[in-house]
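Student: Hi, could you walk me through this one? I'd like to start with the strands and then wander a bit.

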Amino acid sequence: MILILKIAFLNVLRNRRRSLITILAIVFGSVSLIVFGGFVESMYDGLRESMIRSQLGHLQVYKKGFSEFGSVEPEKYLLSAETTRQIMRIVENQPGVEIVTSRLNFSGLLSNGKSSVGVFGVGMDADQEALMNSSVKIVAGDDLFTEDLESALIGEGLAQSLGIRVGDWMTLLASTADGAVNAVDIKVAGIISTGMKEIDDRVIRANRLHIQNLMVTDSLTRVLVLLEKTETTAAAKLSLEKVFAAHQLDVEIRTWSDLAGYYHKVVRMFTSVFGFIKIIVVVIVILGIANTMMMAVMERTSEIGTIRALGNTRSEILALFLSEAVYLGIMGGLCGIMLGVLAARGITAADLMMPPPPGGTEGFPIRIMVVPDLLWESIGLGILAAVISSIYPSLKASRLKIVDALRFV
Amino acid sequence: MELIMQHIYLIILGLILILGHGVSCAVAQTAIPDTAVERKARAAFLEQSLAREDHPEKVRELAMISAVIAGVDDPTAKATTRAVTILARATQANPGDSELMAAHGSVLTMMAKFQDQTSQQLRYVKKGFRMMDRALKKDPDNIGALLQRANNSLHMPLFLKRTHYAKRDFERLLDLAGNKVPGFRAMILYQLGQAHQLLKDPASAKKYWLQAASLKAGYWSQQAAANM
């Protein structure tokens with residue numbers, strides 16, 4: 001067997017042109033898979049992190065029952081100030097936690113004195129949110145600061161619809177926690193873009209204390225937790241559930257994954273698309289290699305006859321051709337990985353931009369992630385494609401009659 | 001290229017000091033040595049000195065020199081991380097120093113380039129800009145802080161939407177700078193032109209580059225002339 005492996009390796013080196021064509025076909029397949037797979041992975045990563053860092057956090061803690069009934073009667077499912085403080089103290093002491101902050105969500109009417117628009121908003125800790133919300137961009141004016149109590153950030157679309165400019169004073173109307181109507185003045189500190197048009201058309205972000213004054217409450221809707229690593233979300237949730245239970249806190253925890261329906265839809269769609277493209281690439285590679293291997297068998301017919309005449313069996317001929325295919329697969333796969341990684345780095349460094357996705361308002365930079373699993377997969381697929389496409393030519397070679405093969409010109 | 005970068009950073013972090021007396025009393029004074037060798041030697045001396053006794057002014061000087069080392073002489077992850085650590089210490093020792101706070105923020109944004117994941121890059125950028133925003137909130141006319149935020153904003157990728165900060169800060173700097181140092185004014189005019197160009201306003205960009213070129217004040221005037 002070792003002799004066959006050695007001869008197969010020498011054959012690969014001897015037939016340079018043929019080997020090169022086969023390797024190029026495998027390289028094409030590997031690079032395509034690495035680059036497209038890396039792009040898809042980067043898109044998942046970007047979308048996931050953007051949702052986590054602009055809206056959801058990794059974990060959200062609510063009063064028990066909020067997920068089920070909170071949308072109908074939000075005022076009944078607020079966390080009291082004391083419970084919120086207790087939750088935040090516990091979470092801050094957990095390992096792997098980057099930021100803990102609390103929000104008071106509300107809906108109301110924003111008026112410039114002439115017209116009003118329905119808005120949904122959030123009262124928040126400006127300093128913590130500025131660090132948490134990597135995906136919220138200030139397009140005009142300044143960021144929010146806790147000391148500017150009456151200031152607020154307004155969505156780009158909302159500012160356009162009301163003709164709002166930075167520095168303008170507006171009136172914000174909302175229901176208080178016990179159902180009455182209240183109003184406060186707000187000063188527009190900045191105009192923001194979240195990248196999602198439907199949010200930018202309605203959103204207002206203000207200082208938490210100002211919104212608590214508006215709603216006449218010291219309670220809050222939720223506590224948001226941003227972890228250092230997204231991968232630790234499930235473990236962090238389990239750990240917090242245990243600690244909250246030990247402290248007899250009547251709360252529930254939802255992860256970003258529970259709340260990110262849109263993300264899961266996108267992942268499902270692109271996983272199907274990537275699977276389909278993978279099949280097409282593998283088929284193209286298999287056809288390319290099969291053609292080259294058939295040509296090799298034709299070219300080497302008299303050589304096969306000589307080997308058989310020297311006493312080698314059909315299975316040894318089969319093993320010889322399949323071994324050559326494995327070598328070509330390994331060489332092609334390794335070259336493919338090198339070129340794929342280079343292509344991924346090059347495209348990422350080029351800072352090319354993609355147009356805004358459906359429903360989005362901003363393009364995003366093309367990043368190609370180098371995914372280790374994908375590298376292994378591409379080398380595996382390279383070898384598999386080389387072997388599959390060599391089976392028929394190898395069988396054909398092994399079944400040649402010695403006399404016919406020796407006579408072949 | 002290295003010389004040009006050195007020129008830019010020294011202007012950003014050093015020329016502020018030349019203007020300090022004439023323009024803003026708020027600008028703190030830190031002499032940054034001219035060459036990389038001198039900076040390295042001065043940093044080593046300050047570190048030794050600080051090992052013996054803590055001194056807010058010396059920590060400040062070491063922090064500003066470390067920021068220049070990380071930005072110009074040795075732009076590696078190690079040097080930048082070190083600069084962040086020293087700047088954090090200096091900011092603690094000099095809590096009211098807006099320029100130092102802005103330098104801390106500026107070096108934090110530099111950390112982004114050593115991160116693999118976009119989320120981590122954004123985290124550093126966001127943290128860095130928040131510190132610069134906070135510094136300018138406290139001291140809106142601090143030339144050092146304005147220059148750092150303006151330059152950082154100008155060189156950020158466009159999708160981060162920081163260019164309008166660069167435009168606004170350079171406009172403010174233009175008001176504060178006056179005509180005392182033509183080279184400095186030319187630099188601001190040139191960068192302001194760059195900001196307008198990125199904001200897709202080529203007419204304004206050309207207007208500022210023309211002004212910068214007409215000052216005939218060396219490197220920045222030449223750059224502006226070359227852009228037209």
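Student: How many bridges join β3(A) to β8(A), and do they run parallel or antiparallel?

Tutor: In this predicted model, strand β3 (residues 116-124) of chain A and β8(A) are joined by 5 bridges and run parallel. One residue pair to look at is A:V122, which stands opposite A:R205 in β8(A).

Student: Cool. And what about β5(A) and β8(A), parallel or antiparallel?

Tutor: Those two run antiparallel, with 3 bridges between β5(A) and β8(A). Look at A:R205 again: A:L153 stands opposite this residue of β8(A).

Student: Is β8(A) buried or exposed, then?

Tutor: Buried! In strand β8 (residues 203-207) of chain A, 5 of the 5 residues are buried, so the strand is largely enclosed by the rest of the structure. For the chain as a whole, buried residues make up 39% of the 409 residues in chain A.

Student: OK, back to β5(A). Which way does it run against β7(A)?

Tutor: Strand β5 (residues 151-155) of chain A and β7(A) run parallel, joined by 5 bridges. Here A:I154 stands opposite A:I191 in β7(A).

Student: What is the bridge partner of A:A140 in β7(A)?

Tutor: A:I191 again. A:A140 brings us to another pairing, between strand β4 (residues 137-141) and strand β7 (residues 181-193) of chain A, which is antiparallel over 4 bridges.

Student: And β6(A), how many bridges does it have to β7(A)?

Tutor: There are 7 bridges between strand β6 (residues 169-175) of chain A and β7(A), and the two run antiparallel. A:L172 has A:V184 as its bridge partner in β7(A). These strands form a hairpin with 5 residues between them, where A:G179 takes a positive phi near 95°.

Student: Let's zoom out. How many helices and strands does chain A have?

Tutor: Chain A has 15 helices and 12 strands. Its radius of gyration is 31 Å, well over the 22 Å that the globule rule gives for 409 residues, so chain A is more spread out than a compact globule. Its C-alpha atoms fill a box of roughly 100 × 50 × 30 Å along the principal axes.

Student: What domains is chain A divided into?

Tutor: Domain 1 covers 2-51 + 263-407, and domain 2 covers 65-249. The C-alpha centres of these two domains of chain A lie 51 Å apart.

Student: New topic: how many residues does each chain bring to the contact?

Tutor: Chain A brings 21 residues and chain B brings 14 residues. On the side of chain A that touches chain B, at least two residues each come from α2 (16-56), α5 (126-132), β4 and β12 (364-365). By class, that side of chain A has 8 nonpolar, 4 polar and 9 charged residues.

Student: What ipTM does the predictor give the complex?

Tutor: The ipTM is 0.75, and the pTM is 0.73.

Student: Where is confidence lowest in chain B?

Tutor: In helix α1 (residues 2-23) of chain B, at a mean pLDDT of 39, while helix α10 (residues 202-214) of chain B is highest at 94. Over residues 1-28 of chain B, pLDDT stays under 50. Where pLDDT is low, the predicted coordinates should not be read in detail. As a whole, chain B averages a pLDDT of 84, and 87% of the residues score at least 70.

Conventions. Residues numbered from 1 in each chain as written. Chains lettered and ligands numbered in written order. Predicted model: local features only at pLDDT ≥ 70, side-chain atom pairs only at ≥ 80, totals over all residues. Pairing = 2+ DSSP bridges. Contact = placed C-beta atoms within 7 Å. Nonpolar A, V, L, I, M, F, W, Y, C, P; charged D, E, K, R; others polar. Domains from an automatic or database assignment. Rg over C-alpha atoms; globule rule 2.2 N^0.38 Å. Buried ≥ 20, exposed ≤ 12 C-beta atoms within 10 Å, placed from the backbone. pLDDT = per-residue confidence, 0-100.
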